[in-house]
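Let's take a friendly walk around this structure, beginning with its surface and moving on to its charged pairs. Keep the view open as you read.

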Amino acid sequence: MIPRPTVEALFLGPKSENRDIFTSLLGFLVEEHLHWRRDFHPRDAAVVTPAEMRADPFLATTDRMRSVLLELSARLKDTSTPWFSRRYLGHMNSDTLMVSNLAYMASILYNPNNVAYESSIATSHMEIEVGADFAKLMGYDPATAWGHVTTDGTVANYEGLWLARNLKSFPLAVKEASPGLVRGRAEWELLNLPTSEVFDLLDATKKNRSFARSLKASVRGTGTGRGTPGKVFVPSSRHYSWEKAVDILGIGVDQLVSIPVDDDFRMDLDRLRAALDDCVEQETPVLAVVGVVGTTEEGAIDDIGGIVRLRQEFQRRGLAFYFHVDAAYGGYGRSLFLDANGRFLAYAELQRRLTSEGLTNWGPGIPSREVWSAYKAIPFADSVTIDPHKMGYVPYSAGGIAIRDRRILGLVSYTAAYVFDAKTPLDVNLGSVILEGSKSGSAVAAVWAAHRLLPLTMEGYGQIIARSIEGAYHFEKTLETVREFSVGGKTMVCQPLLLRPDFNIVCMAFNRKGNRDLEKMNGLNEAIYHASSYESGPLYGDEWITSHTELTKEIYGDAPRSFLDRLGIAHREWDRVGTVYVLRSCVMHPWIAKHTTYPERWLSYIEIMKKEIAEIVSK
Ligand SMILES: Cc1ncc(COP(=O)(O)O)c(C=O)c1O
């Protein structure tokens, strides 16, 4: 049996600790490629001759190439953000897996294009395998589910809504193209068929050969001009790609309805219920509800099980909708809950194993039971966005989507004889069923290699995810030690946005004790961000690097009020200013929580912050 992967062997390392293994594997893979070229019809003559290589134009060209690459390297080193460093606590970035970087670099030499099987035989098969990995991770049955790699989470969200839109419009199209199949069913009823019944209808149209006609009569043929396919409910914490999605899919931004979040920044399900009640009363169709697992700004995890229960309840009342989970950020987190056989662990067993197997030392209660049950309910969603280039620790660009029932592909597929070969051994032509066209097979190779080395279970990815959550937990705990401190003769207070983060993002703000002016507080935090980001000049000078965000009343309503209370800012001040500036740290590093460096590492971050604050307040 292969021993459990060790996190220390997975990354190049903040000080290039694993450089020997990295360079030797890279050299080996490049050599492999060079041999591959030479071995392709070995008797074919070389095209570039030694005499040409000695000639001036050749030497001048290669000299120029060298200097271009030197400039490239200089520019990259000068301004790139050191994601690998423990000093980096900002956006959703960290060191990426060595195996993925190597797979990417090696495969780029073969330049695979996964739009068509013939231009990417190796990486197309890998994409199918990765799709099955996504499906299994989300608790779907890989035999009937489907998944693939997208450029990013944005495109995966577009794809989720594309599927939802085409599915919603299909039953009404059948009424037009093959009325016999839906005889006696009213329009409202057809707009509210549960997803599983739409699939049965789809099968029926295939059987009576009215599928193509139905498809033509659906939104695919007619566009959305005939009427909107319904509302799309999202939490107010959703990523901005959802606005773009409703825009480009012709649904209209007006149809996107934000459901407020509660104090924990999770979708308020009482408000969702009320909104759905209104839809029943006014006979307004609901196209989709989107839940988020790992919100962009807070890492909050919506109550997915609660949304599933609401869906069942409203289905009984005649209102059906598609359910998509945007787990672009938190999707890989599900591996923490799966044993080696892919079984979702009971809560008590999870807690026991996390400690007994030395994965964490965070103590009981983390992840919380609410977070556990949200992950547990994901298999009830129709589709899920999951991004390898976030918590999958794979380099850009690699997003992904998992879909519960692959029959849905019939509603989005297009074909082109010059690219799609009916005889491919894949059971589906990738390019014909995805939103994108030409796409990088190297990104797929990078994800595939990561999944082959690190199983999507507690023992594999779960180890990195556990360290990351633990890092956030310790960051949070350390902030508790500086709730109040003094610098330059002034007393300062510090508060996290969430007293107990769901995942691994810590947002926080500082205020001068007694200051009741929100604009002044915002100014202080903006100045801290300025001193701890690219804004203050070359990053080499920054002792720690963070990111920031601004929570506005327009988007978040009163959700930040309890946070502001803790910072001494009154509700009427929130009403007046309507925006709060917070520092945001996605704690993705596996290094942060290395037990040997805690708590010294954290206290030193706090000392750096204090030093910065002292400089700012003395100005
Ligand atoms: C919850 C969520 N969904 C979607 C996206 C979009 O992902 P991408 O930037 O890969 O397009 C993000 C990005 O941060 C996200 O946090």
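## A nonpolar patch on the surface

In this predicted model, V30, L34, W36, I108, L109 and Y110 make a nonpolar surface patch of about 530 Å². Which helix gives the most to this patch? Look at helix α1, which spans residues 19-39 and supplies three residues.

Another member of the patch, I108, has its place in helix α4, residues 98-108. Is I108 buried, partly exposed or exposed? With a relative accessibility of 40%, I108 counts as partly exposed, because that value falls between the 20% limit for buried and the 50% limit for exposed. The value also fits the patch rule, because patch residues need over 30% relative accessible area.

## Salt bridges across the model

Now for the charged side chains. How many salt bridges does the count come to? The total is 33. Some of these charged residues are joined in a network: R273, D277, E313 and R317 are linked to one another by salt bridges.

## A pair that ties two parts together

One pair to find in your view is E484 with K513, a salt bridge whose closest N and O atoms are 3.1 Å apart. Where do the two partners lie? E484 belongs to strand β9 (residues 484-487), while K513 sits in the loop between β11 (505-512) and α19 (518-531), so this salt bridge ties together parts that are 29 residues apart in sequence.

As for their surroundings, E484 is partly exposed at 46% relative accessibility. K513 is partly exposed too, and its relative accessible area is 46%.

## Two further pairs

E349 and R343 form another salt bridge, with 3.1 Å between the closest N and O atoms. Here E349 counts as partly exposed at 22% relative accessibility, a value that sits above the 20% limit, so E349 does not count as buried. Its partner R343 is partly exposed as well, with a relative accessible area of 42%.

The other pair is D558 and K553. How far apart are their closest N and O atoms? In this salt bridge the distance is 2.8 Å, which meets the rule because a salt bridge needs the nitrogen within 4 Å of the carboxyl oxygen. D558 has a relative accessible area of 37% and is partly exposed. K553, at 27%, is also partly exposed.

Key:
Residues are numbered from 1 along each chain as its sequence is written. This is a predicted model: local features need pLDDT of at least 70, side-chain atom pairs count only at pLDDT 80 or more; totals for chains, interfaces and linings use all residues. Side-chain values use heavy atoms; hydrogens and water are left out. Buried means under 20% relative accessible area, exposed over 50%, partly exposed in between (1.4 Å probe, protein chains only). Helices (H or I, at least four residues) and strands (E, at least two) are DSSP runs, numbered from the N terminus. Patches are made of residues with over 30% relative accessible area and no salt bridge: like charges are joined within 9 Å, nonpolar side chains (Val, Leu, Ile, Met, Phe, Trp, Tyr) within 5 Å. Accessible areas come from the Shrake-Rupley method with a 1.4 Å probe; for residues, only the protein chains shown count as cover.
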